[in-house]
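Subject: Structure for your review

Dear colleague,

Please find below the structure that I am handing over to you. My notes on it follow directly after.

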Amino acid sequence: MKKTIVILVSVLVALAVLAVGGVFDKLISLFEEVTTPIAEPAKGIYYLYSENFEKDTVGEAGYIRLDYLKNPQVTYRDFGDRISIQTPYEHYVIDGEGNVSIGDIETGIAVGMKKKADNYYLEMATVQDLKGFAEFGVSSFGSGDYTVYVNDNHGYKKGRLQAGAPVFASEEDFDEYVANKNRGGSSRGRIRGTVGQEGIEGYYYTLRGDGIDYAFFFSDDAVLTGFVDMDMIVAKSETEPRKKVEFTRFENLLLVWEAVYTDAVDTSEIGEMKGLNAVSPTWYALEDKNGKFSSLADNEYIKWAKQRNYVLWPLISNHSDIDLTNKFLASYNGQEAFIKGLIDEAVKRGYDGYNLDFEYIYLNDRDAYSHFVNRFSYEMRKWGLVTSVDVNVMDGADNWSKCYDHEVLGAVTELLIIMAYDEHHATSSVAGSVSSYNWVRYNLEKIAEVVDPGKIVLGVPFYMRVWETTASGTTSEVLSMKNTGAYLETLPFEISWDDLAKQQKATHSADGVLTEVWIEDAASLTNKVSLVGEHGLAGVAAWRRGFESDDVWEVLKFGELNVTTNEEADKDE
């Protein structure tokens, strides 16, 4: 009897210890099955994206965050005294009181607007009254304090959560469920509830766990959100994102830039350029933050280009002036004056469009530049004018490469021209090719993941660099294609083939000086240009006319330029 009492007391003491440590409930949970009905839905504001969701901790029901209206063809900019929003169809301006204009026309509509944590929020009930709001593709669902915003410019995973599936309020609770399940226990955890016999439809986002893949699930009827076992989701599908607005399309484009710095070009000295169908003289440049621009436009050159049926897209630069560009991008009125003035110039002189070549931009101005280009392109299309925009590759310095949002710029203009050169630039501390094949291919394919390849133009160089390396460092000078032969005769160079770069390399070493040239010629261009057909690109642009050797035009010509307008594209569909 004493022994039995001792054993019983020992068990009770052990259970008491377990209970104090919180372990008792967990032990009991191993033997309990979940029967809890669906509880009150999670509270908060959620935004759904293609590959993730976001909970807004400061948002209010009935208000949508401005940045959720954004997509590759919709941009916005806060100018302090107004907000500018550009879609493919409309330009909205909202002043500080919420009054809305479309273009220069007042709508008489005032939207509710709040600013929290540096984000603007627009009242859905009022913003939905705007002409063209449906084009944003935004809708919401929810009940009580639970609101989910959906933008059909994204594609989503959809599926049915099976009957009886437990839904957990947190990832920690799901981890506990996994641990119990792996030990052969029940699915007990701190749950939001279980799914009824009919199952439930919703959106889900796949997550990766250590033991079991799981997902975050939003039900279509807003009754349920939470973390669930991926194995409990069936009938998986993916919605198609809204189709982007198409612009004029080009095939077999062959453009050459005409470098004009002071004097007019003597067109009588320009030889035959087989296959050429577009020219871009460097005539215009931003001069101040108020939108003033300089011009080197030449009526004789315009006449010469038109006689040859060349597409004429003069280039507009920012003088690579990063601070001027920053001030300009902060000025709404400056951009309006700049755009209007250049369109007036294009209409007066009979241009077919412009080539925007803003280089050296602060990384923090990335979205501001995208919005400016979207505004520019939108106004240009009203006049049947084409906008092409020059960008560097995606990898590189913040203010030279990463300052471009390639996806947006490719979506809001007719053509994105990739300046696939200066792989090794003038101040590089290491000698190398200006445009090796493997480097070009890698960067082109990376950009083609986010930009329609049919809108991409491959920029190629008509130049190379002569590198000299000594004990004190490496320096370089530009060498044009047409002068390469004469230069290579100045030293007894050893010529070899660089198979990665797919071009010849000339090397000479004497008296402590190593001289190297990765040769750009018809052979190197042949390999790079093959990427145009391989990836279905719109064509090629070359920097610059006057640097080339005569034999490159045979390599570059593609055939007759093919242009498909929006109307023709619609008929084809």
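I begin with a residue in the interior: arginine 545 is buried, with a relative accessible area of 15%. Please note that the model is a predicted one. The side chain of arginine 545 meets that of glutamate 258 in a salt bridge, at 2.8 Å from N to O. Arginine 545 belongs to the loop between β36 (539-543) and α14 (552-556), while glutamate 258 belongs to strand β21 (residues 253-258), so the salt bridge ties together parts that are 287 residues apart in sequence. Glutamate 258 is also buried, at 3% relative accessibility. Because buried means under 20% relative accessible area, both arginine 545 and glutamate 258 fall in that class.

The loop between β36 and α14 also holds arginine 544. Tryptophan 543 and arginine 544 are joined by a cis peptide bond, with omega at about -5 degrees.

Overall composition

The chain contains 15 helices and 37 strands. Of its 573 residues, 49% are buried. Among contacts in the chain with a separation of 6 or more, 68% come from residues 24 or more positions apart.

Further salt bridges

Over the whole structure, the search finds 32 salt bridges. One of them joins the side chains of arginine 242 and glutamate 135, at 3.3 Å from N to O. This pair links distant parts of the chain, 107 residues apart: arginine 242 is in the loop between β19 (233-238) and β20 (249-251), and glutamate 135 is in the loop between α3 (124-127) and β11 (138-143). Arginine 242 is partly exposed, with a relative accessible area of 28%, and glutamate 135 is likewise partly exposed, at 33%.

Lysine 402 forms a salt bridge with aspartate 398, and the closest N and O atoms are 4.0 Å apart. What separates these two residues along helix α9? Lysine 402 and aspartate 398 are four residues apart in helix α9 (residues 398-402), which means a separation of about one helical turn. Lysine 402 is partly exposed, with a relative accessible area of 39%, as is aspartate 398, at 38%.

In addition, a network of salt bridges links Glu54, Asp56, Arg65 and Asp67.

Two open sheets

The three strands of one open sheet run in the order β3-β10-β9, with antiparallel pairing. At its edges stand β3 (63-65) and β9 (113-116); each has a single partner strand, so one side of each is left without a neighbour in the sheet. On average, neighbouring strands of this sheet are turned by 30 degrees against each other, direction ignored. Four bridges pair β9 with strand β10 (residues 119-123) in the antiparallel sense. Lysine 114 stands opposite tyrosine 121 in β10.

The loop between β9 and β10 contains alanine 117. Alanine 117 has a phi near 50 degrees, a positive value in a residue other than glycine. Is alanine 117 buried or exposed? Its relative accessible area is 57%, so alanine 117 is exposed.

Another open sheet has five strands in the order β32-β31-β35-β34-β33, with antiparallel pairing. Here β32 (473-480) and β33 (494-498) are the edge strands; each has a single partner strand, so one side of each lacks a neighbour in the sheet. The twist from one strand to the next averages 25 degrees. β33 pairs with strand β34 (residues 503-510) in the antiparallel sense over five bridges, and aspartate 498 stands opposite glutamine 503 in β34.

A pair of packed helices

Helix α7 (residues 332-349) packs against helix α8 (residues 366-382) at an angle of about 35 degrees, and their axes are 10 Å apart. The crossing of α7 past α8 is right-handed. On the α7 side, the contact involves Gln335, Glu336, Phe338, Ile339, Leu342 and Ile343, which meet Phe372, Arg375, Phe376, Glu379 and Met380 in α8. By class, this contact has seven nonpolar, one polar and three charged residues.

A further backbone note

Histidine 319 has a phi near 60 degrees, again a positive value in a residue other than glycine. Histidine 319 is placed in the loop between β26 (315-317) and α6 (322-329). At 47% relative accessibility, histidine 319 counts as partly exposed.

Yours sincerely

Terms used
Residues numbered from 1 in each chain as written. Predicted model: local features only at pLDDT ≥ 70, side-chain atom pairs only at ≥ 80, totals over all residues. Heavy atoms only, no water. Buried < 20%, exposed > 50% of the residue type's maximum accessible area, 1.4 Å probe, protein only. Pairing = 2+ DSSP bridges. Axes fitted to C-alpha atoms, helices over the stretch in contact; angles between N-to-C directions. Left-handed = near helix turned anticlockwise from the far one by under 90°. Contact = heavy atoms within 4.5 Å. Nonpolar A, V, L, I, M, F, W, Y, C, P; charged D, E, K, R; others polar.
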